[in-house]
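Trainee: I've got a model open and I'd like to learn how to read it. Can we go through it feature by feature?

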Amino acid sequence: MPVNVLYTTSARATGGRDGHSATLDGKVDVKLTTPKELGGAGGDGVNPEQLFATGYAACFLGAMKFVASQGGPAKVPADASVTSTVGIGPRSEGGFGLAIALAVSLPGVDRTAGEALIAKAHEVCPYSNATRNNIDVKLSLV
């Protein structure tokens, strides 16, 4: 399905999971470190799963705000939050895979309306669209 691209950014990584990554505009610049759980040293750096979790959480909250602005089932309260949990591990088919859970907090929003808002946001969020039919994303209203 074609995309009408409205914004583009680029990043460059060197050294893999124990290297460095930065956006070409210099706004994001991170040291990368492999977690101990994946056989690395751990340490001060971040890893791709942390970056993915951060991006997905922010993007999903933005998708909920978009849905609400289009007359969605509920408004998004100022203190709403999305906690994205990203896991990585070997797949039974070979290679590695991800497991994702999004826990959404919508203080003061009716449960039925909140769940409908989350479902609609999952339909429009670009991260959700990128993962659909590839990664099981568990959604919950907390």
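Trainee: Let's start with a helix. Which residues in helix 1 are buried?

Mentor: Keep in mind that this is a predicted model. The general idea is that an α-helix has 3.6 residues a turn, so residues three or four places apart point the same way. Here the buried residues of helix 1 are Glu-49, Ala-53, Gly-55, Tyr-56, Ala-57, Cys-59, Phe-60, Leu-61, Ala-63, Met-64, Val-67 and Ala-68.

Trainee: What covers the buried residues of helix 1?

Mentor: The cover includes strands 4, 5 and 6, along with helix 2 and helix 3 (126-131).

Trainee: How do I read the length and the ends of helix 1?

Mentor: For length, compare the expected span with the model. With 22 residues at 1.5 Å each, helix 1 should span 32 Å, and its end C-alpha atoms are 31 Å apart, so the two agree. At the N-terminal end, Asn-47 acts as a cap, with a side-chain oxygen 3.0 Å from the backbone nitrogen of Glu-49. After the helix comes Gly-71, which has a positive phi near 85 degrees.

Trainee: Now the core. Which residues touch the most other members of the largest nonpolar core?

Mentor: In soluble globular proteins, nonpolar side chains tend to be buried together. In this model the largest nonpolar core has 27 residues, and Phe-60, Met-64, Val-76, Val-82 and Leu-106 touch the most other members. At least two core residues come from each of helix 1 (48-69), strand 4 (81-90), strand 5 (96-105), helix 2 (111-124) and strand 6 (137-141). Helix 1 gives the most, 10 residues. Take Val-82: beyond its neighbours within four places in sequence, Val-82 contacts Ala-57, Phe-60, Leu-61, Met-64, Leu-102, Ala-103 and Val-104.

Trainee: How many disulfides does a search of the whole structure find?

Mentor: A disulfide is a covalent bond between the sulfur atoms of two cysteines. The search finds zero. Cys-59 is in no disulfide, and its nearest cysteine sulfur belongs to Cys-125, 3.7 Å away.

Trainee: Why don't Cys-125 and Cys-59 count as bonded?

Mentor: Because 3.7 Å between their sulfurs is too far for a bond; the cut-off is 2.5 Å. Both are buried, Cys-59 at 18% relative accessibility and Cys-125 at 0%.

Trainee: One last residue: where is Leu-38 found?

Mentor: Leu-38 sits in the loop between strand 3 (29-31) and helix 1. Leu-38 counts as partly exposed because its relative accessibility is 33%. Past its neighbours within four places in sequence, Leu-38 contacts Arg-17 and Ile-88. Leu-38 and Ile-88 are 50 residues apart along the chain, yet 8.8 Å separates their C-alpha atoms.

Key. Residues are numbered from 1 along each chain as its sequence is written. This is a predicted model: local features need pLDDT of at least 70, side-chain atom pairs count only at pLDDT 80 or more; totals for chains, interfaces and linings use all residues. Side-chain values use heavy atoms; hydrogens and water are left out. A nonpolar core is a set of buried Ala, Val, Leu, Ile, Met, Phe, Trp, Tyr and Cys residues joined through side-chain atoms within 4.5 Å. Buried means under 20% relative accessible area, exposed over 50%, partly exposed in between (1.4 Å probe, protein chains only). Helices (H or I, at least four residues) and strands (E, at least two) are DSSP runs, numbered from the N terminus. Contact means heavy atoms within 4.5 Å. The expected span of a helix is 1.5 Å times one less than its number of residues. A polar contact is a pair of N or O atoms within 3.5 Å; within protein, one must be able to donate a hydrogen and the other to accept it, and residues adjacent in sequence count only if both atoms are side-chain atoms.
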